Amino acid sequence: MGRTLIAGTGRGLPERVLSNADLEQMVDTSDSWIVERTGIRERRIIAKGQTSSDLAATAGLHACRKAGIDPATLDCIIVSTVTPDSPLPATAVHVQRKLGAGGCAAFDMAAACAGFIYGLSVGDAFIARGQFKRVLVVGVEVLSPVIDWEDRNTCVLFGDGAGAAVLVPGGDAAGDRGLWSTHLYADGTMADALGIPAGGTALPASQETVAQRLHYVKMNGREVFKHAVRNMSRAALTALEHNGLTITDVDTVLAHQANMRIVEGVAKQLALPLDKFFINLPKYGNTSSASIPIALDEALEAGRVKQGDLLLMTALGAGFSWGSAVVRL
């Protein structure tokens, strides 16, 4: 069957832009402070009544159109998210309904910022075994409702958005194009460094948890930075070594867009100039599992990457979960 191809990509972004100047009116911060420490200048925020599945369906529809397929012919929809429409049912079934893809398999997975790479790996496995031929992988996060807008250390970082990719069998005619490999990791000993403490079975929602603001993202920034630079770099090098490649073979790196200092740290570890990285962090902030697919879709649309290019993806998020992938477009 050949390698799994990325046949089309798409993104779904809210219209509302929240700039650093806007945040200056909300919390004790400044544009210069945010840009210096994160590289972020603005982020997108959903409108009232908008949901994760709305953004995911928009991204999925664009991906299907670019792939030249009818969403009704999808065999499987995988949605990576830590901000579902609701705990039950899966956000993927809402995406299925909104796309008119009734009858196909549809499920959610949660690997935070590494979720899209995890989703690629699962979709690739389905196609490789011949179970499915058209798999839609979506990374979507609506983080604005779970951000503490009184905490300047976290509220400046995150934004809402979705990105998607349609996976199909490449066949022999595709040559060396397609997904070469994925590499997935996790370290549960670091689970407390980044997460939302309340709302699950460990700490059910209550008046007390609401009063203590435990339904918002909590983060140990120093630990996240240290592990992100180290593990994203190591995973990237593992992916290259697995495929008999060197860093000079890579045309573009799509690293998770969390913080410019993290991207710079990964670039230093890989001995690569920053212009090898596609960066849209200043516009969107950290969109978690949507980060890499949004960047991929924008890079394709801008002509920054094209068919035949070799891409290296790497990401780390809560869990800690992290991973890497090598793709020939």
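This short talk covers strands, a sheet with its helices, and the open and closed spaces in one structure.

Keep in mind that this is a predicted model.

Let's start with strand E7. E7 spans residues 161-169. Is it covered or not? Mostly covered: 8 of its 9 residues are buried.

Which strands does E7 pair with? One is E1, residues 4-12, which pairs with E7 in the antiparallel sense over 8 bridges. To find that pairing on screen, go to Gly8. Gly8 stands opposite Val166 in E7. Another partner is E6, residues 135-141. E6 and E7 are also antiparallel, and 7 bridges join them. Here, look for Val140, which faces Ala162 in E7.

Next, the open sheet. There are 4 strands, in the order E8-E13-E12-E11, and the pairing is mixed. What stands at the edges? Strand E8, residues 178-186, and strand E11, residues 252-255. Each has a single partner strand, so one side of each is left without a neighbour in the sheet. On average, neighbouring strands are turned by 10° against each other, with direction ignored.

Zoom in on E11 and E12. These two run parallel, joined by 4 bridges. Thr252 is a good place to look: its bridge partner in E12 is Leu311.

Now the helices on this sheet. Helix H5, residues 115-128, packs on the sheet and touches E8, E12 and strand E13, which covers 321-328. The direction of H5 makes about 125° with that of E8. Helix H8 packs on the sheet as well, and touches E8, E11, E12 and E13. The angle between the directions of H8 and E12 is about 145°.

H8 takes us straight to a pocket. In the second largest pocket, H8 gives the most to the lining, with 6 residues. Which other elements supply at least two residues each? They are helix H2 (31-38), helix H6 (152-155), helix H9 (260-270) and strand E12 (310-317). H8 itself runs over 221-242. So much for the elements; now the residues. The lining counts 27 residues, and Leu157, Met219, Gly221, Phe225 and Asn259 lie nearest the centre. By class, that lining has 15 nonpolar, 8 polar and 4 charged residues. The space in this pocket is about 480 Å³.

And the largest pocket? Its volume is about 740 Å³. It is lined by 28 residues, and the closest to its centre are Val82, Thr83, Pro84, Val146 and Ile196. The class split is 17 nonpolar, 10 polar and 1 charged.

Last stop: closed space. How many cavities of 30 Å³ or more does the structure hold? Just 1. About 40 Å³ of space lies in the largest cavity. What lines that cavity? Gln257, Asn280, Leu281, Tyr284, Gly285, Thr287, Ser291 and Ile294. Two elements give two or more residues to this lining: helix H10, residues 281-284, and helix H11, residues 291-301. By class, the cavity lining has 3 nonpolar and 5 polar residues, and no charged ones.

To recap, briefly. E7 is mostly covered, and E7 pairs with E1 and with E6. The open sheet has E8 and E11 at the edges. H8 packs on that sheet and gives the most to the lining of the second largest pocket.

Key: Residues are numbered from 1 along each chain as its sequence is written. This is a predicted model: local features need pLDDT of at least 70, side-chain atom pairs count only at pLDDT 80 or more; totals for chains, interfaces and linings use all residues. Side-chain values use heavy atoms; hydrogens and water are left out. Buried means under 20% relative accessible area, exposed over 50%, partly exposed in between (1.4 Å probe, protein chains only). Two strands pair if DSSP finds at least two bridges between them. On a 1 Å grid over the protein atoms alone, a cavity is a set of points where a 1.4 Å probe fits but cannot get out, and a pocket is an open set with protein on both sides within 12 Å along at least five of seven lines; lining residues have an atom within 4 Å of a point. Grid points are joined across faces, edges and corners, and a volume is the space filled by probe spheres set on the points. Ala, Val, Leu, Ile, Met, Phe, Trp, Tyr, Cys and Pro count as nonpolar, Asp, Glu, Lys and Arg as charged, and the others, Gly among them, as polar. Axes are lines fitted to C-alpha atoms, for helices over the stretch in contact, and angles run from 0 to 180 degrees between N-to-C directions. Contact means heavy atoms within 4.5 Å.
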